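Here are some comments for a colleague who is beginning to read protein models. Please keep the sequence and the 3D view open while going through them.

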Amino acid sequence: MPQTEVPFEQSLMHTRSGRTIAISRYAPEVLPLDQGRIVLETACEPYDRDAVWILLTPGEAGDLASLLVRQAAAVSIAPER
């Protein structure tokens with residue numbers, strides 16, 4: 001199966017607790033398409049000590065789940081042309 005480049009897309013989610021979560025994908029050309037990864041990033045704030053916590057409301061958790069599913073679908077095996 002020929003390799004198809006997965007276009008980069010990043011979604012930003014802002015939580016009520018003041019965090020911003022970036023949801024994107026990592027699918028370098030050197031990996032097979034079915035080995036792409038989903039990336040969650042959040043910044044470390046000055047008040048964070050040893051770990052970064054993200055508190056989500058039930059609605060925010062649902063929104064995050066939807067964004068994760070969308071990214072996972074994008075790095076899944078592309079159908080042959």
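The numbered points below go from confidence and overall fold to the core, the surface and a few pairs of residues.

1. Confidence. Please bear in mind throughout that this is a predicted model. The mean pLDDT of the protein is 77, and 74% of its residues reach 70 or more. Among the helix and strands, confidence is highest in strand 1 (residues 11-14), with a mean of 90, and lowest in strand 3 (residues 37-42), with a mean of 83. Over residues 1-6, by contrast, pLDDT stays under 50, and although the model has 15 contacts beyond four places in sequence for this stretch, I would ask you to read those contacts with that confidence value in mind.

2. Overall fold. How many helices and strands does the protein have? The secondary structure comes to one helix and three strands, and read along the sequence these follow the pattern β-β-β-α. Among the contacts with a separation of 6 or more, 54% join residues that are 24 or more positions apart.

3. Surface and burial. The accessible surface of the protein comes to about 6,000 Å², and carbon and sulfur atoms account for 57% of that area. Of the 81 residues, 22% count as buried.

4. The nonpolar core. Which residues make up the largest nonpolar core? There are five of them, namely Met 13, Ile 21, Ile 23, Leu 64 and Leu 67, and the elements that give two or more residues to this core are strand 2 (20-26) and helix 1 (58-75). Leu 64 is a useful residue to select in the viewer: leaving aside residues up to four places away in sequence, Leu 64 touches Met 13 and Ile 23, and also Leu 40 and Leu 56.

5. A nonpolar patch on the surface. Leu 56 appears again here, since together with Val 52 and Ile 54 it makes a nonpolar surface patch of about 190 Å². Val 52 is found in the loop between strand 3 and helix 1. With a relative accessible area of 34%, Val 52 is partly exposed, because that value lies between the 20% limit for buried residues and the 50% limit for exposed ones.

6. The salt bridge. The count comes to one salt bridge, in which the side chains of Arg 19 and Asp 48 meet at 2.6 Å, N to O. Arg 19 lies in the loop between strand 1 and strand 2, while Asp 48 lies in the loop between strand 3 and helix 1, so the pair ties together parts that are 29 residues apart in sequence. As general background, side chains of opposite charge can pair when their charged atoms come close. Are the two partners buried or exposed? Arg 19 counts as buried, at 6% relative accessibility, and Asp 48 also counts as buried, at 13%.

7. Two pairs brought together by the fold. Arg 25 has its place in strand 2 and counts as buried because its relative accessibility, 9%, is under 20%. The C-alpha atoms of Arg 25 and Leu 40 are separated by 8.5 Å, and these residues are 15 residues apart along the chain. Thr 57, in the loop between strand 3 and helix 1, is partly exposed, with a relative accessible area of 24%. Its C-alpha atom is separated by 7.9 Å from that of Arg 16, and Thr 57 and Arg 16 are 41 residues apart along the chain.

Note on methods:
Residues numbered from 1 in each chain as written. Predicted model: local features only at pLDDT ≥ 70, side-chain atom pairs only at ≥ 80, totals over all residues. Heavy atoms only, no water. Core = buried A, V, L, I, M, F, W, Y, C linked by side-chain atoms within 4.5 Å. Buried < 20%, exposed > 50% of the residue type's maximum accessible area, 1.4 Å probe, protein only. Helix = DSSP H or I, 4+ residues; strand = E, 2+ residues; numbered from the N terminus. Contact = heavy atoms within 4.5 Å. pLDDT = per-residue confidence, 0-100. Patch = residues over 30% accessible without salt bridge, like charges linked within 9 Å, V, L, I, M, F, W, Y side chains within 5 Å. Areas by Shrake-Rupley, 256 points an atom, 1.4 Å probe, with all protein chains shown as cover. Salt bridge = Lys/Arg side-chain N within 4 Å of Asp/Glu carboxyl O.
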